[in-house]
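Trainee: I am new to this structure and would like a close look at one part of it, with the reasoning laid out step by step.

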Amino acid sequence: MVRFLKKMFIPAAAFFVALSLLFAGCGTKADGGYSYFVQLDLDRSALFVDGENLSLSEYRELMSELKTLVNGLEEDFSVEFPEGDIARINAAEAGEIVQVSGDTYAALSLAFFYEEEENGCFSPTLFPLTELWGFSPANEGSYGVSRGEPEEGKLAQAKSLCDPSFFVLGEDHTVVKSVAGAKLDFGGIAKGYMCDRISSYILQKYQGHTVDGMIGVMSNTVLLGKKIEDGASRNFNVAIENPRDLLSGGEKSSALFLVGLSDVSVTTSSDNYRFYVNDGKIYPHIIDAKTGKPADRGIISVTAVVPDSVPNAGAFADSLTTAVFCMPLTEAIGFLGEMSEKYGVGAVVITSDHKYYAVGDVCVMDRGEYAAFSNEFLGTDYDLEDFPDEEEVFVAGDVASASDTVVPCEKEKEYIAMIAARS
Amino acid sequence: MERQEKIRAIKNGKFFAKGDIAVFAVCLLLVAVFTLFSFGAGKESGSVFEVYAYGEKIATLPLDEDAYYLYTENGGKGSLARVFFEEGKSYTDGNLILVKDGKVCIEQADCPDKTCVRMGAKNSGEIICLPHGLTIKVKGGGLGGDV
C-alpha cells in the first residue's frame, strides 16, 4: 500500500500542479496572497480626448494611474482584503472606533442615502445573510452548488444582524458599530462607485478638453460624450447581455438594445452570475432585505441608466438595479417611474416569463428592431429575415397590466432544468 | 539494494504496473481537459475582423471577401493596406494577412518568433503578433451594440 501511495504521489502531484496552472491567470495576485477581482475595461480605441485617441505612452500612463486608483478602492471595499476598511469594520467589536479612508466614508454615506431613497430594498448591511446563503467571496468556486435553504432560526439570527442603525458614521471618517456581528458588503455599490471615480479622474486630468469614451468596470459602464467612429460622432448604443444565452447555445449574446445614450452611467444586475438552482428554483446572489432570502420576485435582469448630471451616477445606478431586483414587479415599475421623474432614470426590467418592461427615459429595441435601426443608421447590412419575431428572446410587456405574480414561461423552465442538470 | 539487483528487479518487472496506468490516465485526462478548453464550446464563426495596432483599432474588414492585407509597423504606430499578392514575393516589412474562405490568417511575417503565422486560419477568437503590436479580433456575426 505504501509503495502504491509512493507511486501515486508523482502523478497526483503532477495533476494538481497542472490543475493549479489551469486556474492561475484568474485575477492578479498581490502581496500577501490577496487576489484582485475587479477588472477595469478601457480600450485605447474607446477613449477620445478632443476627438483623438491617446498616444500609446499617454494611454499606458493613464491606465497605470487608474489601476492604482481601482486597486486602492478594492482594498478599501473588499470584505476579504486584510487590513482593508470594510474587512476591519466587519471584524470590529461593538463600540470600537474604526478609522476609514475618505472613499470608504463617502461610499458608505452614499449607500445609506440610497438605502433610504430606495425604500430599504438596497442595503450595504446584508453581509451576514450573504454569508449564510453561501454567496460571500469565501465560497468562491462553489456559488453554483445546489443546496437547501438555511434553517429558519439561523435565517432569523442573520437577519437580525442586518440593520443600518447598527452603524454610526462619526467625525473625521470614523465608523462605529453598536452590534459586533453586524457586517457591511459593498457588492451592490462598489463597482459603480469605482466607475464614478474613474470618470471623474479622467475628466479632471483632461480638463478643458472634450472627452468621449466608454469605461467599464464589469457590469457597470460610463458613457462619456459621444461614440466616435470613422471620424463621425453619434450617441452610444448599449447591448443588454442575454441572461438566458444558455438556451441559445451558451455564446454571450445580446437580447435587447438601449439606443441613443450619451453622458450616462449604465448598470445591469442579473441572476446568471453567482447563483444556484435548487428544487426547480433560481437562488441569485442578490439578497432581498425584506425576506432575508435571495431575491424571488420573478425578475431576472435589471438595467438602469442614470444621467451623469446626477451626482455619483454610477454608484446610484449600481444600487438601483440591486434594489429593483428585490421589488415586486408593480412596485418596481412604480418606483422606477418615480426615479425617472426625480432623476431622469431609465430602466429595463426582464422577468421570468421572458417579457421586458421599459420605464422612463430609454429607447429599448429587440433584436429585429435593432438590426433594422443599425442598417438604417449605422451602415450595417443585416438580413432582417434572420431576426423573425418568434425568435425574439424577450417580448415587450405592458407596463399598465404588469402583475406581481410572474409565472415562469416554458423556456425559463427549460433553462432552469439545464442549470440543474449541469450542477 | 545493490545496483545489479536493482537492474534485475526492474528487468523482471511488468511493463505496465497499476501506477503506470494511473499516470497515463491522468495524462490523457489532462490532454482532454486542455483540448476542451482550447477548442471546445463550438464558437460561432464571425463575419468581420478587427485589426488593432497597439490597442488601437485601425480597421474593420469583412471575412467573406478573399483578400490580402499588409500590416506595417513603425515606432509604435501601425498601418494597414490592401495588397495584391504576387506569387513568390516575400514581404519583409510587416505581417501579410490573408482572408480566405471566411477565415483570417497571417501568411507571412518578419517578426522574430512567427507565433502569429503558426496560429493558423481562424474564424473566431484572436491572432496576436506581440513584436509588432498587432491584434486581429474576429467579431461574431451576431448583433452587437457599442458596449
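How many salt bridges does the structure hold over all chains, and where does A:Arg244 lie among the parts that its salt bridge with A:Asp271 ties together?

Mentor: Before anything else, please keep in mind that this is a predicted model. Over all chains, the structure holds 17 salt bridges, and the part around A:Arg244 is a good place to begin.

A:Arg244 forms a salt bridge with A:Asp271, and the closest N and O atoms of this pair are 2.8 Å apart. Because A:Arg244 lies in the loop between strand E12 (236–241) and strand E13 (254–261) of chain A, while A:Asp271 lies in the loop between strand E14 (264–270) and strand E15 (275–278) of chain A, the pair ties together parts that are 27 residues apart in sequence. A:Arg244 is buried, and A:Asp271 is buried as well. A:Arg244 also forms a salt bridge with A:Glu412, where the closest N and O atoms are again 2.8 Å apart. This second pair links distant parts of the chain, since A:Arg244 sits in the loop between E12 and E13 of chain A and A:Glu412 in helix H11 (residues 410–422) of chain A, 168 residues apart. Here too, both A:Arg244 and A:Glu412 are buried.

The two strands on either side of that loop belong to a sheet, which is worth following next. It is an open sheet of three strands in the order E12-E13-E20 of chain A, and its pairing is antiparallel. E12 and strand E20 (364–366) of chain A are the edge strands, each of them pairing on one side only. From one strand to the next, the twist averages 30°. Between E12(A) and E13(A), the antiparallel pairing extends over six bridges, and A:Glu241 has A:Ser254 in E13(A) as its bridge partner.

Helix H10 (residues 367–377) of chain A lies across E12, E13 and E20 of chain A, and it runs at about 105° to E20(A). Within this helix there is a pair of aromatic rings to consider, and such a pair is described by the distance of the centres and the angle of the planes. The rings of A:Phe373 and A:Phe377 have their centres 5.2 Å apart and their planes at 45°, so the pair counts as tilted. Because A:Phe373 and A:Phe377 are four residues apart in helix H10 of chain A, about one helical turn separates them. The two residues can also be described by their accessibility: A:Phe373, at 17% relative accessibility, counts as buried, whereas A:Phe377, with a relative accessible area of 54%, is exposed.

This ring pair leads to the aromatic pairs in general, of which the structure holds 17 over all chains. In another of these, the rings of A:Phe113 and A:Tyr114 have centres 5.7 Å apart and planes at 50°, so this pair is tilted. A:Phe113 counts as partly exposed at 42% relative accessibility, while A:Tyr114, with a relative accessible area of 3%, is buried. Elsewhere in chain A, ring pairs link A:Trp133, A:Phe135, A:Tyr143, A:Tyr276 and A:Tyr283 into a cluster.

A further sheet of chain A can be read in the same manner as the one above. Three strands form this open sheet in the order E5-E7-E6, with antiparallel pairing. Its edge strands are strand E5 (97–99) and strand E6 (167–170) of chain A, each of which pairs on one side only. On average, and with direction ignored, neighbouring strands of this sheet are turned by 30° against each other. E6(A) and strand E7 (residues 174–177) of chain A run antiparallel and are joined by four bridges, and the bridge partner of A:Leu169 in E7(A) is A:Val175. Helix H4 (residues 102–117) of chain A packs on this sheet and touches E6 and E7 of chain A, its direction making about 130° with that of E6(A).

For contrast with the buried pairs at A:Arg244, consider finally the salt bridge in which the side chains of A:Lys205 and A:Glu61 meet, at 3.0 Å from N to O. It links distant parts of the chain, with A:Lys205 in helix H7 (residues 190–205) and A:Glu61 in helix H2 (residues 56–77) of chain A, 144 residues apart. A:Lys205 counts as partly exposed at 32% relative accessibility, and A:Glu61 is partly exposed with a relative accessible area of 44%. A network of salt bridges links A:Glu61, A:Glu65 and A:Lys205.

Note on methods: Residues numbered from 1 in each chain as written. Chains lettered and ligands numbered in written order. Predicted model: local features only at pLDDT ≥ 70, side-chain atom pairs only at ≥ 80, totals over all residues. Heavy atoms only, no water. Salt bridge = Lys/Arg side-chain N within 4 Å of Asp/Glu carboxyl O. Helix = DSSP H or I, 4+ residues; strand = E, 2+ residues; numbered from the N terminus. Buried < 20%, exposed > 50% of the residue type's maximum accessible area, 1.4 Å probe, protein only. Pairing = 2+ DSSP bridges. Axes fitted to C-alpha atoms, helices over the stretch in contact; angles between N-to-C directions. Contact = heavy atoms within 4.5 Å. Phe/Tyr/Trp six-rings, centres within 6.5 Å; stacked < 30°, edge-to-face > 60°.
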